[in-house]
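The exercises that follow each set a task and then work through a solution step by step. Please keep the sequence and the coordinates at hand while reading.

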Amino acid sequence: MLHGIDPALNADLLYVLQAMGHGDDLVICDANFPADSIARQTTYGRLIRTDNIGSPQAIRAVLSLMPLDSFVEYPAERMEVVGNPDELPAIQQEAQTAIDAVAQRDAGRDTWPMGSVERFAFYERAKKAYAIVATGERRFYGCFILKKGVIPPP
């Protein structure tokens with residue numbers, strides 16, 4: 001255990017968060033996502049497992065240390081619901097709350113709406129991500145892409 005670091009952040013995830021650069025993508029996914037096979041195609045090349053937490057908790061933990069990219073329209077994106085791309089299931093609303101909690105810190109705004117990505121396009125984007133973080137989330141559509149931002153000088 002370390003002071004000030006969310007215990008949901010294991011050693012592998014902490015390493016990846018430190019190693020990522022500005023503009024790199026991190027995928028947080030649910031238990032149904034083909035995480036292992038897609039993770040092999042990412043920059044990191046291995047799956048990071050956080051089976052004991054859900055997607056919103058993983059997002060909160062990651063964003064406690066990682067800034068979002070304020071230079072893009074959608075630094076956080078969600079997988080669209082098949083057949084109803086505008087629907088926001090409860091899990092995605094919870095993720096939006098976690099993202100909004102850091103909107104002021106990272107972009108000086110009250111909210112930071114997520115973009116949406118069609119399911120198969122999401123899989124292709126995930127292959128190009130820096131890393132994949134698999135959670136134990138069993139609710140459907142608990143898959144998100146977070147783009148790393150920068151920390152300005154003091």
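A residue is called buried when its relative accessible area is under 20%, exposed when that area is over 50%, and partly exposed in between, with a 1.4 Å probe and protein chains only. The model is predicted, so that local features need pLDDT of at least 70 and side-chain atom pairs count only at pLDDT 80 or more, while totals for chains, interfaces and linings use all residues. Residues are numbered from 1 along each chain as its sequence is written, and side-chain values use heavy atoms, with hydrogens and water left out.

**Exercise 1. Aromatic pairs**

Task: find how many aromatic pairs the whole structure holds, and work out which parts of the chain Y15 and Y44 tie together.

Solution. Rings of Phe, Tyr and Trp (its six-membered ring) pair if their centres lie within 6.5 Å, and planes under 30 degrees apart count as stacked, over 60 as edge-to-face and the rest as tilted. With this criterion, a search of the whole structure yields four aromatic pairs. In the pair of Y15 and Y44, the centres are 6.2 Å apart and the planes make 40 degrees, which is a tilted arrangement. To place the two rings, note that helices (H or I, at least four residues) and strands (E, at least two) are DSSP runs numbered from the N terminus. Y15 belongs to helix 1 (residues 11-19) and Y44 to the loop between helix 2 (35-39) and strand 2, so the pair ties together parts that are 29 residues apart in sequence. Y44 has 16% relative accessibility and therefore counts as buried.

The pair of F33 and F122 is edge-to-face, with 5.9 Å centre to centre and 85 degrees between the planes. Since F33 lies in the loop between strand 1 and helix 2 while F122 lies in helix 5, this pair ties together parts that are 89 residues apart in sequence. F33 and F122 are both buried, and ring pairs link F33, F120, F122 and Y123 into a cluster.

**Exercise 2. The order of the sheet**

Task: determine in what order the six strands form the open sheet, and explain why one side of strand 2 and of strand 4 is left without a neighbour.

Solution. In general, strands of a sheet pair through backbone hydrogen bonds, either parallel or antiparallel. Here two strands are taken as paired if DSSP finds at least two bridges between them. The six strands then follow the order 2-5-1-6-3-4 in an open sheet with mixed pairing. Strand 2 (47-50) and strand 4 (115-117) are at the edges and have a single partner strand each, so one side of each is left without a neighbour in the sheet. On average, neighbouring strands of this sheet are turned by 25 degrees against each other, direction ignored, where axes are lines fitted to C-alpha atoms, for helices over the stretch in contact, and angles run from 0 to 180 degrees between N-to-C directions.

Next, consider individual pairings. Strand 1 (residues 25-29) and strand 6 (residues 144-147) run antiparallel and are joined by four bridges, with D25 opposite K147. Helix 5 (residues 119-127) packs on the sheet, touching strand 1, strand 3 (76-79), strand 4, strand 5 (131-135) and strand 6, and its direction makes about 130 degrees with that of strand 3; contact means heavy atoms within 4.5 Å.

**Exercise 3. Strand 5 and its partners**

Task: establish how many residues of strand 5 are buried, and which residue stands opposite I28.

Solution. Five of the five residues of strand 5 are buried, so this strand is largely enclosed by the rest of the structure. Taking the two faces in turn, A131, V133 and T135 are buried on one side, and I132 and A134 on the other. Strand 1 runs parallel to strand 5 and is joined to it by four bridges, and I28 stands opposite V133. Strand 2 also runs parallel to strand 5, again with four bridges, and R49 stands opposite A134.

T50 is located in strand 2 and, at 2% relative accessibility, counts as buried. Leaving out residues up to four places away in sequence, T50 touches A8, N10, L13, V133, A134, T135 and G136.

**Exercise 4. A covered helix**

Task: identify which residues of helix 3 are buried, and what they pack against.

Solution. Helix 3 (residues 55-63) is mostly covered, with seven of its nine residues buried, namely S55, P56, A58, I59, A61, V62 and L63. These buried residues pack against helix 1, strand 1, helix 4 (90-107), strand 5 and strand 6.
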